[in-house]
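Student: Could we work through this chain together, going from its strand pairing to its buried charges and its aromatic rings?

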Amino acid sequence: MKRLFFILLATIAFIGAKAQTHYVPHVWIGGHAGFTMSEMSFSPSVKQAMTNGFTAGASFRFAEERHVGIIAELNLSQRGWKEDFEEAPFSYSRTLTYIELPILTHIFFGSQKFKGFVNLGPVLGYMIGDNISSDFDYMNPAQVPNFPLANRSTEQMAMEIKNKFDYGITAGIGCEFRVKRRHAFSLEARYYFGLGNIYSSSKKDIFSASRGTSISVSLGYLFRIK
């Protein structure tokens with residue numbers, strides 16, 4: 001029995017050692033840049049279309065398991081919306097610029113040279129810019145000749161942003177191509193769903209919801225440091 005016990009103990013130790021050395025943890029740092037398409041989820045609803053912006057940032061990735069890792073990013077990202085005036089010849093868009101910190105679970109699969117991956121997790125953000133582009137007096141749309149006021153909310157165009165802090169969840173899918181051992185290039189499409197309102201949302205306020213959503217596509221470069 002003692003001999004069997006020591007054999008079993010030695011076998012467990014050997015398997016544990018093999019498991020520990022079977023996959024060497026990877027640490028990567030890098031950067032990425034791309035474009036965004038975004039709109040706002042207003043309640044009551046607002047006639048709108050997606051507006052374009054950019055996203056760029058730095059990333060840190062750590063993978064201790066064979067198919068799962070974690071990513072931390074620091075990004076500069078633009079979201080916002082564009083008013084849809086249908087056939088009327090007016091233009092209004094509002095671009096909100098955020099500093100963002102996503103903390104993502106990184107699930108990857110494939111060969112040493114080419115991998116597919118899924119990223120998902122929470123995002124914290126803080127607004128550092130608010131830019132309005134318009135070809136009419138959005139502060140007084142009722143005074144603008146031929147402005148389409150019927151069945152349209154206009155208050156959101158002139159309202160001041162009340163909540164600069166934002167939070168939400170994001171999920172992305174992409175692929176990665178590795179060059180030699182320490183260099184990699186990636187392509188990712190990501191969807192962001194905001195949970196924070198940019199305007200006050202109490203019962204007495206105009207909007208009960210004013211949350212941002214966006215789709216981004218970015219190219220990235222990663223360098224393995226371990």
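Tutor: The questions below concern a predicted model, and each answer closes on the name or value asked for.

Student: Which strand is joined to strand 3 by a hairpin, and through how many residues?
Tutor: Strand 3, residues 51-63, pairs with strand 4 in the antiparallel sense over eight bridges, and within this pairing Ala 58 stands opposite Leu 74. The hairpin that follows strand 3 leads into strand 4, and the number of residues it passes through is four.

Student: How many bridges join strand 5 to strand 6?
Tutor: Strand 5, residues 92-110, pairs with strand 4 in the antiparallel sense over 13 bridges, with Ile 99 as the bridge partner of Leu 76. On to strand 6, residues 114-134, strand 5 forms a hairpin with three residues in between, and Leu 96 stands opposite Asp 130 there. The two strands run antiparallel, and the number of bridges joining them is 17.

Student: What is the bridge partner of Gly 116 in strand 7?
Tutor: Strand 6 and strand 7, the latter covering residues 165-179, pair in the antiparallel sense over 13 bridges. Within strand 7, the residue that serves as bridge partner of Gly 116 is Cys 175.

Student: Is Glu 73 buried or exposed?
Tutor: Glu 73 has its place in strand 4, and its side chain is joined to that of Asn 75 by a polar contact of 2.9 Å. Leaving aside residues up to four places away in sequence, Glu 73 touches several others, including His 32, Glu 100 and Arg 190. Because its relative accessibility is 6%, and the cut-off is under 20%, Glu 73 counts as buried.

Student: Which residue in strand 3 meets Glu 176 in a salt bridge, and what is the N to O distance?
Tutor: The structure holds seven salt bridges, and one of them links distant parts of the chain, with Glu 176 in strand 7 and its partner in strand 3, 115 residues apart. Glu 176 is buried at a relative accessible area of 3%, and Arg 61 counts as buried at 6% relative accessibility. Arg 61 and Glu 176 also belong with Arg 178 to a network of salt bridges. The partner in strand 3 is therefore Arg 61, and the N to O distance is 2.7 Å.

Student: Why does the salt bridge between Asp 166 and Arg 79 tie together separate parts of the sequence?
Tutor: The side chains of Asp 166 and Arg 79 meet at 2.5 Å, N to O, and both residues are buried. Arg 79 also meets the side chain of Glu 100 in a salt bridge of 2.3 Å, and its charged end sits over the ring of Tyr 98, 4.1 Å from the ring centre. Because Asp 166 lies in strand 7 and Arg 79 in strand 4, their pair ties together parts whose separation in sequence is 87 residues.

Student: Why does the ring pair of Phe 42 and Tyr 199 count as stacked, and at what angle do the planes lie?
Tutor: This pair is one of 14 aromatic pairs, and its ring centres lie 6.3 Å apart. Phe 42 and Tyr 199 are both buried, and ring pairs link them with Trp 81, Tyr 92, Tyr 138 and Phe 207 into a cluster. Since planes under 30 degrees apart count as stacked, the pair is stacked because its planes lie at 20 degrees.

Methods. Residues numbered from 1 in each chain as written. Predicted model: local features only at pLDDT ≥ 70, side-chain atom pairs only at ≥ 80, totals over all residues. Heavy atoms only, no water. Pairing = 2+ DSSP bridges. Buried < 20%, exposed > 50% of the residue type's maximum accessible area, 1.4 Å probe, protein only. Polar contact = N/O pair within 3.5 Å; in protein donor to acceptor, adjacent residues only side chain to side chain. Contact = heavy atoms within 4.5 Å. Phe/Tyr/Trp six-rings, centres within 6.5 Å; stacked < 30°, edge-to-face > 60°. Lys NZ or Arg CZ within 6 Å of the ring centre and 35° of its normal. Salt bridge = Lys/Arg side-chain N within 4 Å of Asp/Glu carboxyl O.
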